[in-house]
Amino acid sequence: MNIYDFILKKIKDVKMETGDEGPVTNISATSMLTAEITIISSLLIAVVMLRLLNRALMMAMIVIVFLIIFMAMPIMPKLKREQNDSLATMSFYVIVALAIIVSLFYWGNLNV
Amino acid sequence: MSTENLLIPLMIIIPITCALFLNLLHEKSRVVKIISVIVALLLPTIPLLANYGIQYFGGYAPLAQNPTIATGLPSFITGSALNIFHPAITYVFGSAQKLMITILGFVALFAIFISLYEVKKPSGVYIYLILMGVASVMAMLLSDDIFNLYVFFEIAALTQVGIVLVSKVDHNYETALKYLIVGSIASPMLLLGIALLLGVTGNVNITDIVYSIKTGLVDPHSPVLLMAGSLIIFGWLYAAGLPPFHTIKSAMYSKALPTGAAVLQAFSVFTFVAIGVIILRIFSYLHFAEIFILGISLIAMVLGITMAITQTDFKRLIAFLAVGELGYIGVGFGLGTVFGITAGLFQAVNEAVITALLFIGFGTIMYKTKETELKKLGGMLVETPKSAFLVLLAGLAMAGVPPFNAFQSKLMLVQSSLNSGLPEVAIIMVLLSIVTFMTFMRAFHTIYLRPKPAGLVIENENIPRVTIVAMVCLLIICLVFGLYPQLATNYLQGLAMGIA
């Protein structure tokens, strides 16, 4: 199974989960593929910024992130599934974000 | 700056008073129309006519500027920081505020005009909500008092819910309720952050808080101050619609009428700027705050734009693009340089205009077909050639194609990130601009260029002339700022220099 067929299968899975009855069109498959490539390339480019901290760390992180992405592909259908309009999902991510921000600001600035 | 300037409070008082008045008159269409037109015209006119200045409410100027009161006071007051502290609620109207309030006024003016002429019986309640929202966001841009800002932030949040509630769009009640519930987590956190800030500094005036931190009156690394910073930043994410609030924010835009969505996105952009500037002013001594703003902005750009590509509803598509474009503003703020912040502020002004143009432009499709699903649309170029051309130009402007305004601001942002030694950020911004272009062209092709689907019903009504005029005016603003960016950046640079 090539990557295009693999992504097509994942889109169908997401559509079934969300109860969307429409067919998977060329446009929707190409859009998902573009989003996939965009998110992977943005992530890898962003990791390169770790060079400001440590070059060895950057290289290690690029390899690790690349491996994680390779194993988790396709990312976009999963991301789309998580970013739905469900109040439960939204509230979950809001609470997680609050916890992360408070932790980063509180302990991150006190212990540096 | 001259201190006495009565036009500054009038920017807020006129829309609020007229909003309350219109709410009482909502059954009398003719009176509603006349008052709405007059107030809408005043919205961009007052800030254009007003001189720069400072206005004090419920108190007096600092003692250092007020010898009449200072004379006779004991030296332990006049010789201390109390001498320069602001006892009144202070509104500051500088060049950056002038530009941003004028642009917000223009967006509201066109939204009100279109909503008045697209419906047979204008709704006083709808205009009331728009005016209350505009007044609140203008107050947030002017206020130098963080508690006063919070009050208007709450009013703006409620009016946004109201605008969605009165829009006759499927599932609008559900989305508005979700926004309220999510807001009930974020808003108290913002208020708690402000309360902690007040507890540590004993002050709610932002200039005084910054003075207290910079001169060591308050320990800058006090745990309570750090906690306040994190909670205020969390509230800012909600107000602006940055992740994790990007999903609900984009849902809000898509469940409003096109005119409502145009003003809602302008509210988000200028609320982003108002609170973002305060965060930079107070917490820029924490290097981590700038890193965080940069990081969350990159996440917003990537999530917003990649989610936009996968949408099948064109309103949701534009909504996600609008969220993604917010990230560009944040990148400018996160870079923290004068050039970067100026670029971010310029991008904010541009985005408010372009996204309003896109929402209004694509709104003509809804007007003709009552349809927003891309798969059900097609062949609209024949039906609406003028608005199609204007929408195409708006899409090119959003993607950063010259000679439009976003090209200049995005170029400045790219230059700024290169100057800051972050070419990776520049590459991501360019990449996402290309994807924005592709996303827009996909929607444009589907709606306008492909053959009309058999089941699509197109109404015979002509698009109101006022809608086309509004789109042309917004496009002219895009073109003027694109050809002469210094017309905007000269106004914004002063504010950027003050906070960098």
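B:Thr68 is exposed, because there are just 9 other C-beta atoms within 10 Å, and a residue counts as exposed at 12 or fewer. This residue sits in helix H3 of chain B, which covers residues 67–70. B:Asp313 lies 245 residues away from B:Thr68 along the chain, and the C-alpha atoms of the two are separated by 63 Å. Like everything that follows, these values come from a predicted model.

That separation can be set beside the dimensions of chain B. Along its principal axes, the C-alpha trace of chain B spans about 85 × 55 × 45 Å. A compact globule with 500 residues would have a radius of gyration near 23 Å, and the 22 Å of chain B agrees with this. Of the 500 residues, 57% count as buried. Chain B has 21 helices and two strands. Among contacts in chain B with a separation of 6 or more, 80% are between residues 24 or more positions apart.

The interior comes next. In soluble globular proteins, nonpolar side chains tend to be buried together. Here the largest nonpolar core has 202 residues. Helix H12 of chain B, residues 258–283, supplies the largest share of this core, with 18 residues. The residues with the most contacts inside the core are B:Leu104, B:Val107, B:Ala108, B:Ile130, B:Met138, B:Phe270 and B:Ala352. B:Ala108 can serve as an example: leaving aside neighbours within four places in sequence, it is in contact with B:Ala40, B:Leu43, B:Ile130, B:Val134 and B:Val263.

Two helices of chain B can be followed individually. Helix H6 of chain B runs over residues 124–142. Of its 19 residues, 18 are buried, so H6(B) is largely enclosed by the rest of the structure. At 1.5 Å a residue, H6(B) should span 27 Å, and its end C-alpha atoms are 27 Å apart, which agrees.

Helix H18 of chain B, residues 405–419, passes the same kind of check: its 15 residues should span 21 Å at 1.5 Å a residue, and the end C-alpha atoms are 21 Å apart. H18(B) is mostly covered, with eleven of its 15 residues buried. Among the buried residues are B:Phe407, B:Met412, B:Leu413 and B:Val414, and also B:Asn405, B:Gln408 and B:Lys410. The buried residues of H18(B) pack against five helices of chain B, namely H14 (314–335), H15 (338–369), H17 (385–399), H19 (423–449) and H20 (465–483). After H18(B) comes B:Gly421, with a positive phi near 75°.

Chain A remains, together with the surface that joins it to chain B. Chain A has a mean pLDDT of 83, and 88% of its residues reach 70 or more. Among its elements, helix H1 (residues 3–18) has the lowest mean pLDDT, 70, and helix H3 (residues 55–72) the highest, 91.

Where the chains meet, 33 residues of chain A are in contact with 35 residues of chain B. On the chain A side, the elements that give two or more residues are helices H2 (26–48), H4 (75–82) and H5 (87–110) of chain A. H5(A) gives the most, with 15 residues. Sorted by class, the side of chain A that touches chain B has 21 nonpolar, ten polar and two charged residues.

Terms used
Residues numbered from 1 in each chain as written. Chains lettered and ligands numbered in written order. Contact = placed C-beta atoms within 7 Å. Helix = DSSP H or I, 4+ residues; strand = E, 2+ residues; numbered from the N terminus. Nonpolar A, V, L, I, M, F, W, Y, C, P; charged D, E, K, R; others polar. Expected span 1.5 Å × (residues − 1). Buried ≥ 20, exposed ≤ 12 C-beta atoms within 10 Å, placed from the backbone. Core = buried A, V, L, I, M, F, W, Y, C linked by C-beta atoms within 7 Å. pLDDT = per-residue confidence, 0-100. Rg over C-alpha atoms; globule rule 2.2 N^0.38 Å.
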